[in-house]
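Look at the sequence and the model shown here. The report after them describes a few strands, helices, ligand surroundings and single residues in turn.

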Amino acid sequence: LASFSSGTNRPVYGKVGRVPVGIGRRRMRVVVTGGAGFVGSHLVDKLIARGDEVIVLDNFFTGRKDNLVHLFGNPMFELIRHDVVEPILLEVDQIYHLACPASPVHYKYNPVKTIKTNVMGTLNMLGLAKRVGARFLLTSTSEVYGDPLHHPQKETYWGNVNPIGERSCYDEGKRTAETLAMDYHRGAGVEVRIARIFNTYGPRMCLDDGRVVSNFVAQAIRKLPMTVYGDGKQTRSFQYVSDLVDGLVALMDGEHIGPFNLGNPGEFTMLELSEVVKETIDPSATIEFRPNTADDPHMRKPDISKAKELLNWEPKISLREGLPLMVGDFRQRILNEDEGKGA
Ligand code: NAD
Ligand code: UDP
Ligand code: UDP
């Protein structure tokens with residue numbers, strides 16, 4: 001059927017299946033956990049477009065079938081409702097492990113479940129990778145650096161993380177997931193890849209997931225004030241989703257384990273971000289200050305020299321170019337929501 005050959009650790013090269021793939025590249029069977037989510041669904045689109053067979057595992061906690069509906073009926077695509085906290089048997093060549101709520105509002109909703117997803121979910125996917133000899137990629141996060149004392153952050157920085165705070169289920173969870181990946185690599189020879197992703201935005205983000213870009217864009221479209229937390233002088237670096245997806249695939253297909261920072265080094269305060277959203281969507285948009293959340297990192301900006309040098313990757317889309325690319329999708333979904341409410 002596909003390129004996976006059970007009984008060996010190596011996928012089969014050469015003539016492999018029903019659908020011809022480009023000369024020189026074999027078709028692979030790839031699992032994407034969390035593939036119904038924001039980043040996952042864009043990644044799935046790229047893998048399908050290049051001819052891979054893709055299996056998505058998702059429990060639909062924050063993901064939506066809508067993000068993948070255009071692939072239903074495609075024989076190269078399969079969607080399985082599955083919680084990665086439970087074991088599963090599959091035969092695959094590569095595992096992109098994204099399953100985990102990513103926005104602070106979602107991961108704090110049920111912190112114990114977030115930890116279980118990060119620890120037991122990652123353990124299961126590593127166990128699967130070990131059994132079938134698949135390559136495993138973890139989507140870790142810039143949050144492993146905590147409230148960083150080094151700026152910009154390099155991969156060699158070990159971080160400044162509160163182990164008992166409200167964000168710990170996520171940032172300590174991801175740190176443990178990185179540890180598990182490296183222990184399976186050292187102990188069982190699993191081929192692993194680790195990406196530390198910085199704030200990413202684009203179409204298909206959940207409308208109300210509480211992240212700053214989705215909040216500001218949705219608020220500006222709905223003619224509500226943009227909610228700036230704290231004094232708005234904290235900084236983040238915002239990466240457009242297609243740049244991230246290119247980086248993830250380059251990392252998976254390359255020879256380096258990582259960890260690699262994948263982010264856009266352009267750094268903005270939340271007040272500056274609100275200005276860009278205002279210019280992009282509505283010059284009459286206003287802001288409103290709200291108290292900040294606990295343990296909010298004061299600044300964040302990736303040093304991406306390692307990814308540039310070893311993966312030959314760097315982001316191409318600036319914030320001013322990327323923001324307009326998500327506005328149409330947000331407008332449409334907000335319209336659908338309003339119509340659904342009979343507005
Ligand atoms: P998302 O919430 O849109 O997607 C996460 C997906 O995982 C959803 O489809 C959700 O239903 C699924 N999921 C959650 N728990 C699961 C479980 N136990 N079993 C199966 N599926 C489960 O988030 P996203 O922004 O697409 O993030 C994807 C990955 O990238 C996450 O691992 C996140 O930690 C990482 N990341 C994202 C960002 C960002 O800015 N978007 C930054 C750093 C890291
Ligand atoms: N696992 C899985 N699918 C597989 C192989 C393993 O879900 O194809 C799970 C398995 O149930 C276990 C975890 O991955 O909970 C770790 O597996 P491993 O074989 O490394 O450890 P062990 O089962 O010996 O604890
Ligand atoms: N933030 C904000 N207004 C909002 C949502 C978030 O000012 O409506 C701030 C938040 O306090 C943080 C930054 O934006 O400093 C990024 O928050 P987000 O939840 O997007 O991601 P984080 O980087 O904290 O995971």
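The text below starts with how the model is to be read and then goes through its parts.

This is a predicted model, in which local features need pLDDT of at least 70 and side-chain atom pairs count only at pLDDT 80 or more, while totals for chains, interfaces and linings use all residues. Residues are numbered from 1 along each chain as its sequence is written, and chains are lettered from A and ligands numbered from 1 in the order in which they are written.

Helices (H or I, at least four residues) and strands (E, at least two) are DSSP runs, numbered from the N terminus. UniProt lists residues 32-324 as "domain: NAD(P)-binding" in an unreviewed entry; such annotations may be inferred rather than shown by experiment, and the positions are given in the numbering used here, with feature names shortened. Over residues 32-324 the chain is 37% helix and 17% strand. The end C-alpha atoms of that stretch are 28 Å apart.

**Strands.** Two strands pair if DSSP finds at least two bridges between them. Strand β4 (residues 94-97) pairs with β1 (residues 29-33) in the parallel sense over 4 bridges, and Val30 stands opposite Gln94. β4 also pairs in the parallel sense with β5 (residues 135-141), over 4 bridges; here Tyr96 stands opposite Leu137. A residue is buried if 20 or more other C-beta atoms lie within 10 Å of its own, exposed if 12 or fewer, and partly exposed in between, with C-beta atoms placed from the backbone. In a regular strand the side chains alternate between the two faces of the sheet. Both faces of β4 are covered, with Gln94 and Tyr96 buried on one side and Ile95 and His97 buried on the other.

**Helix α3.** The 22 residues of α3 (residues 111-132) should span 32 Å at 1.5 Å a residue, and the end C-alpha atoms are 31 Å apart, which agrees. The expected span is 1.5 Å times one less than the number of residues. α3 bends by about 25 degrees at Thr117; the bend is the angle between axes fitted to the seven residues ending there and the seven starting there. Among the buried residues of α3 are Thr114, Thr117, Gly121 and Leu128.

**Ligands.** A residue is near a molecule if its C-beta atom, placed from the backbone, lies within 6 Å of it. Ala, Val, Leu, Ile, Met, Phe, Trp, Tyr, Cys and Pro count as nonpolar, Asp, Glu, Lys and Arg as charged, and the others, Gly among them, as polar.

| Shell | Nonpolar | Polar | Charged |
|---|---|---|---|
| Ligand 1 | 14 residues | 13 residues | 2 residues |
| Ligand 2 | 5 residues | 2 residues | 2 residues |
| Ligand 3 | 5 residues | 8 residues | 3 residues |

Around ligand 1 there are 29 residues, and the closest are Gly34, Gly37, Val39, Thr62 and Gly63. α1 gives the most to this shell around ligand 1, with 3 residues. Residues surrounding ligand 2 include Pro87, Leu123 and Arg131. Ligand 3 has 16 residues around it, and β8 gives the most to that shell, with 3 residues.

**Single residues.** The peptide bond from His151 to Pro152 is cis, with omega near -10 degrees, and Pro152 is in the loop between β5 and α4. Lys223 has phi near 60 degrees, a positive value in a residue other than glycine. Lys223 is exposed, because 11 other C-beta atoms lie within 10 Å.
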